[in-house]
Amino acid sequence: MKEFGKVSSQFWISDDIQPLSDKAKLLALYLLTTGHGNLIGIFRMPKGYMAADLGWDEPSVERAIAELTASGFLLASEQCQYICIPQFMEHNPVDNITQIDARLKLLVKLPQMLLEDLPGVLPVIERAVAKASDYKGSKQTEVLLESARKMLGKCSAESRPENKRNREEENKRNIYKTYVRSDDRTTPRTGEVPPSAGSTTGATPRTGEVPSSAGSTTGATPRTGEVPQAKSGKADFSESFEQWWSQYPKREGDKGNKTKTFGHYKTRLREGHTPEALLGNILKYARYCDETQVTGTQYVKTTTAYLNNPDNASNPWTVNYEARQRNSGKLSLVEQVEQANAHILQPGAFSEQGAFSEQGAFSAEGAIYDVEPEGSGESVLDHDGSVRPEVDQCLRPG
């Protein structure tokens, strides 16, 4: 069992870690330092181990694994319950030939089923073997290297990444198979399949002509010099995703990669979210952007970043107005009302020049100056003159 794990200080600011959710970051850190790990970053790790060590339920572990896999940080095999951290050995270089031999021993012990079930592990092993070959090792090192090369040679040709790329190139070339029509045959109707390249009814193309593509629906032979159109690689987006995409709030610059966003959209659906819930959530986010006045600016999240973080799909997107006013230094509505009515709520707050003063208007007994008690029958005079209306209204100036 590994006693400790080394993590670079660049972990927290790397491009593949920063966009992740908090749970995905924690799982990545756990896999880099777990005692179940080894020197090559390829080891058996059942989901039950992760759930028990982190105190999570298995659905939470599965969501975090899916997020790390989508970001390229992790490769996971459901069948063998193995995981692979592709860049582990690059971030943890060896210091001596003893560590090289220890890594080679672990590599040759990997189950063959893993190499067939998870082809992405093969380039990782090949890089490790190539680097080990650069060192001048012992006889044991040469034996281990030979065993590792034999193990790679036994891998199924169908699972080798380079052979897979070759097959994809071959399929692209097959798109340009020759589909021709006879000179005495009219142009096929839309949807009609043109005759095959080996058909006896199809005539050989004229000199300089390029045969039509396999994906053509019209079947017409292109004119001289024309380049056939390859089959479109546009993703087939679902109707619910198209509706979600149309409701996304406007932002400055690129809205986001639609194909990648659709991949994250399907991931959220696999996690248990419904299309209706995702649509309602994005409508709440659009209203949140309007209320915070960020719609149409760079502060609106891109679609890829929005769906890549699973926490956004369950965020209620409500605006905390009190916190925003407190952070901006502005008075809340209640505070503004209190300030505007301070002369009523706090009568002594006005200066002596004001028309109202608690000490100037009220006596110790609470009676208004210059106004006699009710029912006295005596007239109220001002400077031995007539009674002034202001006195009766308790608004005597000065």
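**Stop 1: α2 against α3**

Select Lys-47, Gly-48, Met-50 and Ala-51 in α2, then add Glu-58, Val-61, Glu-62 and Ile-65 in α3: these two sets of residues meet each other. Keep in mind as you click around that this is a predicted model.

Now show the two helices whole, residues 47-54 for α2 and residues 58-71 for α3. How do their axes cross? The angle is roughly 110°, and the axes come within 9 Å. Since 65 to 115 degrees counts as roughly perpendicular, α2 is therefore roughly perpendicular to α3. Colour the contact by residue class and you should get four nonpolar, one polar and three charged residues.

Stay on Lys-47, which lies in helix α2. Which side chain does the side chain of Lys-47 make a polar contact with? Pick Glu-78; the distance is 3.2 Å. Skipping neighbours within four places in sequence, Lys-47 is in contact with Glu-78 and also with Glu-58, Val-61, Glu-62 and Ile-65.

**Stop 2: Phe-73**

Follow the chain out of α3 and stop in the loop that runs from there to β2 (75-77); Phe-73 sits in this loop. Is Phe-73 buried or exposed? Its relative accessible area is 9%, so it is buried.

To see what surrounds Phe-73, select Asp-16, Ile-17, Ala-28, Leu-32, Leu-68, Cys-84, Ile-85 and Pro-86, its contacts once neighbours within four places are left aside. Try a distance label between the C-alpha atoms of Phe-73 and Ile-85: they are 6.3 Å apart, with their positions 12 residues apart along the chain.

**Stop 3: Leu-104**

Next, go to helix α5 (residues 97-108) and pick Leu-104. With 1% relative accessibility, Leu-104 counts as buried. Beyond its neighbours within four places in sequence, Leu-104 is in contact with Ala-132, Thr-141, Leu-144 and Leu-145. Add Val-129 as well: it is 25 residues from Leu-104 along the chain, and the two C-alpha atoms are separated by 7.6 Å.

**Stop 4: α10 beside α12**

Here is another helix pair. Show residues 239-246 (α10) and residues 275-291 (α12), which pack at an angle of about 5° with axes 9 Å apart. Angles under 35 degrees count as roughly parallel, so α10 and α12 are roughly parallel to each other.

Which residues meet here? On the α10 side, select Ser-240, Gln-243 and Trp-244; on the α12 side, Pro-275, Leu-278, Leu-279 and Ile-282. By class, that contact has five nonpolar residues, two polar and no charged.

**Stop 5: the aromatic rings**

Switch to sticks for Phe, Tyr and Trp. The aromatic pairs come to 18. Start with Phe-237 and Phe-262: their ring centres are 5.3 Å apart and their planes are at 85°, an edge-to-face pair. This pair links distant parts of the chain, with Phe-237 in the loop between α9 (161-174) and α10, Phe-262 in helix α11 (residues 258-270), and 25 residues separating them. Phe-237 is buried at a relative accessible area of 13%, and Phe-262 is buried too, at 10%.

Then move to Phe-241 and Tyr-265. Their ring centres lie 5.2 Å apart with the planes at 65°, so this pair is edge-to-face. Phe-241 belongs to helix α10 and Tyr-265 to helix α11, 24 residues away, which again links distant parts of the chain. Both residues are buried.

To see the rings around these pairs, select Phe-237, Phe-241, Trp-244, Trp-245, Tyr-248, Phe-262, Tyr-265, Tyr-285, Tyr-288, Tyr-306 and Trp-317; ring pairs link them into a cluster.

**Stop 6: Asn-309**

Head for the loop between α13 (303-308) and α14 (321-328) and select Asn-309. Asn-309 counts as buried, at 18% relative accessibility. What lies 3.0 Å from a polar atom of the Asn-309 side chain? Show the backbone nitrogen of Asp-311. Away from its neighbours within four places in sequence, Asn-309 is in contact with Ser-21 and Glu-67.

**Zoom out**

Finish with the whole chain in cartoon: 18 helices and three strands. Of its 398 residues, 32% are buried. Among contacts with a separation of 6 or more, 62% are between residues 24 or more positions apart.

Definitions and conventions: Residues are numbered from 1 along each chain as its sequence is written. This is a predicted model: local features need pLDDT of at least 70, side-chain atom pairs count only at pLDDT 80 or more; totals for chains, interfaces and linings use all residues. Side-chain values use heavy atoms; hydrogens and water are left out. Helices (H or I, at least four residues) and strands (E, at least two) are DSSP runs, numbered from the N terminus. Buried means under 20% relative accessible area, exposed over 50%, partly exposed in between (1.4 Å probe, protein chains only). A polar contact is a pair of N or O atoms within 3.5 Å; within protein, one must be able to donate a hydrogen and the other to accept it, and residues adjacent in sequence count only if both atoms are side-chain atoms. Contact means heavy atoms within 4.5 Å. Axes are lines fitted to C-alpha atoms, for helices over the stretch in contact, and angles run from 0 to 180 degrees between N-to-C directions. Angles under 35 degrees count as roughly parallel, over 145 as roughly antiparallel, 65 to 115 as roughly perpendicular and the rest as oblique. Ala, Val, Leu, Ile, Met, Phe, Trp, Tyr, Cys and Pro count as nonpolar, Asp, Glu, Lys and Arg as charged, and the others, Gly among them, as polar. Rings of Phe, Tyr and Trp (its six-membered ring) pair if their centres lie within 6.5 Å; planes under 30 degrees apart count as stacked, over 60 as edge-to-face and the rest as tilted.
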